[in-house]
Amino acid sequence: MSKETKLDQPASAPILEVRGLQKSFGSIEVLKDISFSVTQGNVVTVIGPSGSGKSTLLRCASFLETANGGDILYDGEYALKDGVYAEKKDLNRFRTRFGMVFQNFNLFPHYSVMKNICEPPMLRGCGKEEARERAAQLLQKMGLEGKEDAYPCQLSGGQQQRVAIARALALEPEILYFDEPTSALDPELTGEVLKVIRQLAADRMTMVVVTHEMAFARAVSHRVVFMADGCIVEEGSPEQVFEDPRQDRTKQFLSNYTK
Amino acid sequence: MSLMTMIAKMSEGLEKTCAIFFLTLLFAIPLGMIVALLRMSKNKIISGIVRFFITVLRGTPLMLQLLAVTYGPHYLFGADISRNKLIPVVIAFSINYAAYFAEIYRGGIESIPKGQYEAAAVLGYSRLQTFMRIILPQVVKRILPSMTNEVITLVKDTSIAFAVSYEEIFTIGKQIANSQTSFMPFVVAGVFYYLFNFVVDRIMGLFEKRLNYYS
């Protein structure tokens, strides 16, 4: 450990750590005792049948849903401890550490592409010139040069999703969450979005991707988490989970994809 | 009385008709937003009370509400606020229209997808920023056609002020009609309201067009 390492952020602490996370909607238990962590530069894909709690897990990690129990830690700091959330100002601080890409993009339709990307950093005190410059770089990286002044409704779904990724990256998050980023897209557009995510993985971006794209999950992730009925059934390297799944539930699920 | 004199006399009421119209919009547009937000309050008591008032304001005639506001204080407290009739007229109209606007706003706000709030939350927008920057501009676009309807109705409703003898165009027209035993003043009033609404329709159309840059 180098001398520069801050004491309150041990270098060993994972960026995101979830312990014993529980979430119920009414009497339905959606997450039962979920524990997993993501370290710097890793890509974790979460796979599993619909209704298994994959999205809810991301939504709890990003504070869009209120968990009922367990811990959530960012860089070793508690955002949620034993089902109790940190104070609002601390949660806002944690919010700066993650970005989220939604299934339905959720771009702001009344804003141009540029404003969609620039406004959030500017609200956090970033200068206009800097924000615009960074946005332009990100758009180039996303293959969207020249779309600065377009409105979301003028773009294809794949382009909209890439703008959404750029918008999330503009805040320079430590970790990026993807909630089924290609589920609203046809196969052709899916390809262009997955390509961008692959590129981010190559750049060592830390990511958690909930997806139904098995080939992508296998190619891009360091670890694969298989969820069913609110539990993590199996977790391991992509080779292990896809080629040699240990649990029957995993085998049964994966068999749907190999027909 | 020649048609020209009639038109000239009735035009004297134009200022008052416009006063009712613009002042009502000035107060009812923001008041409606407050009512809408209270109506959507998570507090069941607040939303229940507001809901009740909305049903009363939408469920009883505006003319009755106008009479209540104008003469109610006199009967209840012996207070006479009816010297300048514009005040009770604008109060009654503003409250009544705020109730209608509130329900239009509520429909607009509730039609915005939940994902917009979620994206804003993750991107660090505060609740106020989310409402002012993300939700409200989209609501304005969605409710504009319904608002055009209400504004056009308001133009015609200004004539209800005749019930308290506030001398706007219709009241003057009715006075002339009575003294001259002629139907002509009503025709003049009708043409006037039509022209007023023609302009309103055009202006609202311009607003809609300006917001057409996205869909």
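**A tour of chains A and B**

Select A:T45 and its bridge partner in β9(A), A:V209. The model is predicted, so local features need pLDDT of at least 70 and side-chain atom pairs count only at pLDDT 80 or more, while totals for chains, interfaces and linings use all residues. Residues are numbered from 1 along each chain as its sequence is written, and chains are lettered from A and ligands numbered from 1 in the order in which they are written.

Extend the selection to strand β3 (residues 43-47) and strand β9 (residues 206-210) of chain A; these run parallel and are joined by four bridges. Strands (E, at least two residues) and helices (H or I, at least four) are DSSP runs, numbered from the N terminus. Two strands pair if DSSP finds at least two bridges between them.

Next, display the whole open sheet of chain A, whose six strands follow the order β7-β8-β9-β3-β10-β11 with mixed pairing. At its edges stand β7 (98-101) and β11 (231-236) of chain A; each has a single partner strand, so one side of each lacks a neighbour in the sheet. Neighbouring strands are turned by 15° against each other on average, direction ignored.

Now add helix α9 (residues 248-255) of chain A, which packs on the sheet and touches β10 (223-228) and β11 of chain A. Contact requires C-beta atoms, placed from the backbone, within 7 Å. The direction of α9 makes about 95° with that of β10(A); axes are lines fitted to C-alpha atoms, for helices over the stretch in contact, and angles run from 0 to 180 degrees between N-to-C directions.

Finally, select chain B, which has nine helices and zero strands. Its C-alpha trace spans about 70 × 45 × 25 Å along its principal axes.

Terms used:
Contact = placed C-beta atoms within 7 Å.
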